[in-house]
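I opened this notebook page to record what I looked up in the structure, going from the whole chain to single residues.

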Amino acid sequence: MVTNMEIMDKGINCLLEKLGVVETEQFISVIIREKFDYTKWQQQRFDQMSAEEFNAAAVAYSKEHPFRLQK
């Protein structure tokens with residue numbers, strides 16, 4: 001089982017890799033300040049998509065992130 005600390009470490013490393021230090025800090029401060037609700041954000045995001053757009057996004061994501069069994 002992965003610990004919370006390991007998940008946090010992986011998450012920060014992903015943010016740093018994709019956003020850099022400054023934008024990672026900005027992202028974290030927005031999340032804290034806005035009391036970010038990931039589930040609600042995703043629902044709002046996907047509610048604005050048509051079924052075709054959603055399907056295309058899902059297919060693209062699955063190609064970029066193939067399923068791998070965790071050891």
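What does the accessible surface of the protein come to, and what percentage of it belongs to carbon and sulfur atoms? I am working from a predicted model, and in it I find an accessible surface of about 7,000 Å², of which carbon and sulfur atoms hold 59%.

**Entry: the whole chain.** I counted 3 helices and 0 strands in the protein, and read from the N terminus the elements follow the order α-α-α. The radius of gyration is 15 Å, well over the 11 Å that the globule rule gives for 71 residues, so I note the protein as more spread out than a compact globule. Along its principal axes, the C-alpha trace spans about 35 × 35 × 25 Å. I then looked up burial, and found that buried residues make up 3% of the 71 residues. For the charges, I took the mean position of the 9 positive ones and that of the 11 negative ones, and these two points lie 4 Å apart.

**Entry: helix H1.** How far apart are the end C-alpha atoms of helix H1, which has 30 residues? I find only 22 Å between them, although a straight helix covering residues 4–33 would reach 44 Å at 1.5 Å a residue. Looking along H1, I also recorded a kink of about 115 degrees, centred on Gly20. Just after H1, I noted that Lys35 takes a positive phi of about 50 degrees.

**Entry: Ser50.** I placed Ser50 in the loop that runs between helix H2 (38–47) and helix H3 (51–64). Why do I enter Ser50 as partly exposed? Its relative accessible area is 29%, and I class it this way because partly exposed covers the range between the 20% limit for buried and the 50% limit for exposed. I also checked its separation from Arg68, which is 18 residues away along the chain, and the C-alpha atoms of the two are 28 Å apart.

**Entry: Val59.** Turning to helix H3, I looked up Val59, which lies in that helix. At 37% relative accessibility, Val59 is likewise entered as partly exposed. Between the C-alpha atoms of Val59 and Arg45, 14 residues apart along the chain, I find a separation of 17 Å.

Definitions and conventions. Residues are numbered from 1 along each chain as its sequence is written. This is a predicted model: local features need pLDDT of at least 70, side-chain atom pairs count only at pLDDT 80 or more; totals for chains, interfaces and linings use all residues. Side-chain values use heavy atoms; hydrogens and water are left out. Helices (H or I, at least four residues) and strands (E, at least two) are DSSP runs, numbered from the N terminus. Buried means under 20% relative accessible area, exposed over 50%, partly exposed in between (1.4 Å probe, protein chains only). The radius of gyration is taken over C-alpha atoms; the globule rule is 2.2 Å times the number of residues to the power 0.38. Accessible areas come from the Shrake-Rupley method with a 1.4 Å probe; for residues, only the protein chains shown count as cover. Lys and Arg count as positive and Asp and Glu as negative; His and the chain ends are not counted. The place of a charge is taken as NZ of Lys, CZ of Arg, CG of Asp or CD of Glu. The expected span of a helix is 1.5 Å times one less than its number of residues. The bend at a residue is the angle between axes fitted to the seven residues ending there and the seven starting there.
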